[in-house]
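Please open the model in your viewer and keep the sequence panel beside it, since each stop below begins with a selection. The route moves from confidence, through one chain and the contact between chains, to a few local details.

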Amino acid sequence: MNFIETFKVSIEAILSNKVRSGLTMLGVIIGVMAVILLVSIGEGARVYITKELMGLGTNLLIITPGKTTTRGGFHPPSAGTVRKLSYDDSLALRRRAWLLTDAVPIVFGTGKIKYQNLGRDTIVIGTTPEFQRVRNLFVDIGSFVSQGDVDSKSKIVVLGTTVKEELFGDQSSLGKVVMVSDARYRVVGVMQKKGMSLGWDIDDVVFIPVTSGQELFDTDGLFEILASTPRAEDVNPAIAQIKDILIKRHAHKEDFTIQTQGAMLSTMSTILNVLTAVLGGIAGISLLVGGIGIMNIMLVSVRERTREIGIRKALGARNRDIMAQFMIEATTLSGAGGIIGIITGVGLALIIPVFVDVLPTSVSLWSILMAFSFSAAVGVFFGVYPARKAAHQDPIQALRYE
Amino acid sequence: MIELSKITKIYRMGEMDITVLSGIFLKVQSGELIAIMGPSGSGKSTLMNIIGCLDRPTSGAYHFEDREISTLSDDELAAVRNGKIGFVFQTFNLLPRFSALKNVEVPLIYGGMPARLRSERAIPLLQKVGLADRMTHKPTELSGGQQQRVAIARALVNNPPLLLADEPTGNLDSRSGSEILDILTGLNRQGVTIIIVTHDKDVAARCKRVINLKDGQIINDQVMA
């Protein structure tokens, strides 16, 4: 008996009991749908976070004061005084670390910005002109903080678009004087609109010269130094160079930490891959349960059709013909369930982000292929036992079965 | 065409061995019309199953058209059942989901005949058994006599030299039963060898040879006048 005949017989058997076949398929449909949906949510998170981190600027190095080990652990609070990073450290890096394109000092804090009777608590970043290049954030109207502003500790401020809109609405803000934590600052520029990144409004921020920032926050240290290299390959030599320069300046102590964008990215990636695998695994269990459903129904079906098996054998069906008939039936159930599951899973994965914007999804081809081949494998695996049982029926016993 | 020599069949039930057939010798010539009779438990159905290659003897030799059957594999037995033997059962044993035509085509499917040729073979047989206007009906839509006629058409579709009928009239009223017998005797006249297992003396009376079985042995084998 050829494949097409066997296939027709199997389809006929599936269609002859539509409700039961539908319910059996539902188990696989839900399983495949869950695998695709959960994996695409995990993938979506990974793609989103990777993109956001890349958006912070590639080949980025972040130098922060204090030594932390990546292993974490217990740090006694009295482990000696930590020398702060200073503006002069950043100048030294800029002068002597020739592998770096930029070394940008940052002070960071929150402050209240007021204009006339409007006020807003926002993030105040003190920095230098190179910040624009390192962080990929550029001024739109007017000018950014200049080196002259830094040298002379000018009281000038560049507004993020959110702050500008809150305080000035549609009016021009250039040249206006605002209060930044009770000091008068003159607005010289407005940044380009950037939107949200990792849940943070990048535009809800103001920039002032780093020296003015130190005065504002009453500190002689820096929050961090952002550095960048021209190429990704330069990151590791640049780290060595930064260490060399700063350790000499810090009484031969490595009391600072250098993080790289690449390291952060790969850490995040690892975490999110584990997350995706866990989600996929949980969904895989439901697919397995769907497979057991198929086996259950197939066993019932074999029993119900014992007599049919006997008749077919008496009429010349070989064991393998009967085996093929039930295998095709099982794999058709799981395969059709798999296809419907893929359609609904991909559909949901595409629809969900439209309604729930905190859940980005990314449908990956490998998750579709994996879910489908897994569902087909489930059909084969859970179909073999009932089909073997059917094929090895004794024809006489089967014919007598009532 | 058939030669059984010293066929025994022993079923093992737990610790006990039950001998169903003990030393059957039987020769069947081509073109015979034989009735096998005997009380329940006499082994006639088992003998029928062995002749029909549905079951294997425990010991003894079975030659069918000069082939030793007991050495064949399951698949080879399936091929013999498919091509050489037609079965007619007491309970008809049609596939309930298929039309009469499709039921008749089933042995052709297992014989590997292409779909377009099958109906050419099946339709004339259904016409021959008088069901030209019932071909698309499912078994549940047919009377017992009609179902048995479908079964006979199905048994004949591969042109087998041997037809085995196990109580073919047992589930039919006497009129349908006699019509079925008319068909079977008609086929025998056209050269098909037929073996009928039956209780019914009226059925046996229409056969050329009657074999009586008791306790797994042939106690009487007589050719009727």
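What follows is a walk through a predicted model, stop by stop.

**Confidence first**

Colour both chains by pLDDT before selecting anything smaller. For the complex, the predictor gives an ipTM of 0.93 and a pTM of 0.72. Chain B has a mean pLDDT of 92, with 100% of its residues at 70 or more, while the mean for chain A is 86, with 94% of its residues reaching 70 or more. Now select residues 75-80 of chain A, where the pLDDT is below 50 and where the model shows 0 contacts beyond near neighbours in sequence. Where pLDDT is low, the predicted coordinates should not be read in detail.

**Chain B as a whole**

Hide chain A for the moment and show chain B as a cartoon, in which 7 helices and 10 strands make up the secondary structure. The radius of gyration of chain B is 17 Å, close to the 17 Å that the globule rule gives for 225 residues, so chain B is as compact as a globular protein of that length. Along the principal axes, its C-alpha atoms fill a box of roughly 50 × 40 × 35 Å. Of the 225 residues in chain B, 45% count as buried, and among the contacts in this chain with a separation of 6 or more, 68% are between residues 24 or more positions apart.

**The six-stranded sheet of chain B**

Select the strands of the open sheet whose order in chain B is S6-S7-S8-S3-S9-S10, a sheet of 6 strands with mixed pairing. Strand S6 (85-88) and strand S10 (217-223) of chain B stand at its edges with a single partner strand each, so one side of each has no neighbour in the sheet. From one strand to the next, the twist averages 15°.

Next, narrow the selection to strand S7 (residues 162-166) and strand S8 (residues 193-197) of chain B, which run parallel and are joined by 5 bridges. One pair to label here is B:Asp166 with its bridge partner B:Val197 in S8(B). Then add helix H5 (residues 144-156) of chain B, which packs on the sheet and touches S6 and S7 of chain B, its direction making about 170° with that of S6(B).

**The four-stranded sheet of chain B**

Still in chain B, move to the open sheet of 4 strands in the order S2-S1-S4-S5, where the pairing is antiparallel. Its edge strands are strand S2 (16-28) and strand S5 (67-68) of chain B, each of which pairs on one side only. Strand S1 (residues 2-13) of chain B pairs with S2(B) in the antiparallel sense over 9 bridges, and within this pairing B:Arg12 stands opposite B:Asp17 in S2(B).

**Where the chains touch**

Bring chain A back and select the contact between the chains, in which 17 residues of chain A are in contact with 19 residues of chain B. On the side of chain A that touches chain B, the elements giving two or more residues are helix H1 (3-15), helix H10 (306-314), helix H11 (319-355) and helix H13 (395-400) of chain A. The largest share of that side, 4 residues, comes from H10(A). If you colour this side of chain A by class, you will find 8 nonpolar, 3 polar and 6 charged residues.

**A covered strand in chain A**

Now select strand S10 (residues 205-209) of chain A, where 5 of its 5 residues are buried. Strand S3 (residues 118-127) of chain A runs parallel to S10(A) and is joined to it by 5 bridges, with A:Ile125 and A:Phe207 as bridge partners. Strand S5 (residues 156-159) of chain A pairs with S10(A) in the antiparallel sense over 2 bridges, and A:Leu159 stands opposite A:Val206 there.

**Two helix ends in chain A**

Continue to helix H6 (residues 161-168) of chain A, whose buried residues are A:Thr161, A:Thr162, A:Val163, A:Lys164 and A:Leu167. H6(A) is followed by A:Gly169, which has a positive phi, near 60°.

For the last stop, select A:Arg249, which is found in helix H8 (residues 235-249) of chain A. Is A:Arg249 buried or partly exposed? A:Arg249 has 16 other C-beta atoms within 10 Å, and therefore counts as partly exposed, since a buried residue needs 20 or more. Leaving aside residues up to four places away in sequence, A:Arg249 touches A:Asp89 and A:Ala92. The C-alpha atoms of A:Arg249 and A:Asp89 are separated by 7.6 Å, although these residues are 160 residues apart along the chain.

Terms used
Residues are numbered from 1 along each chain as its sequence is written. Chains are lettered from A and ligands numbered from 1 in the order in which they are written. This is a predicted model: local features need pLDDT of at least 70, side-chain atom pairs count only at pLDDT 80 or more; totals for chains, interfaces and linings use all residues. The radius of gyration is taken over C-alpha atoms; the globule rule is 2.2 Å times the number of residues to the power 0.38. A residue is buried if 20 or more other C-beta atoms lie within 10 Å of its own, exposed if 12 or fewer, and partly exposed in between; C-beta atoms are placed from the backbone. Two residues are in contact if their C-beta atoms, placed from the backbone, lie within 7 Å. Two strands pair if DSSP finds at least two bridges between them. Axes are lines fitted to C-alpha atoms, for helices over the stretch in contact, and angles run from 0 to 180 degrees between N-to-C directions. Ala, Val, Leu, Ile, Met, Phe, Trp, Tyr, Cys and Pro count as nonpolar, Asp, Glu, Lys and Arg as charged, and the others, Gly among them, as polar. pLDDT is the predictor's confidence in each residue, from 0 to 100.
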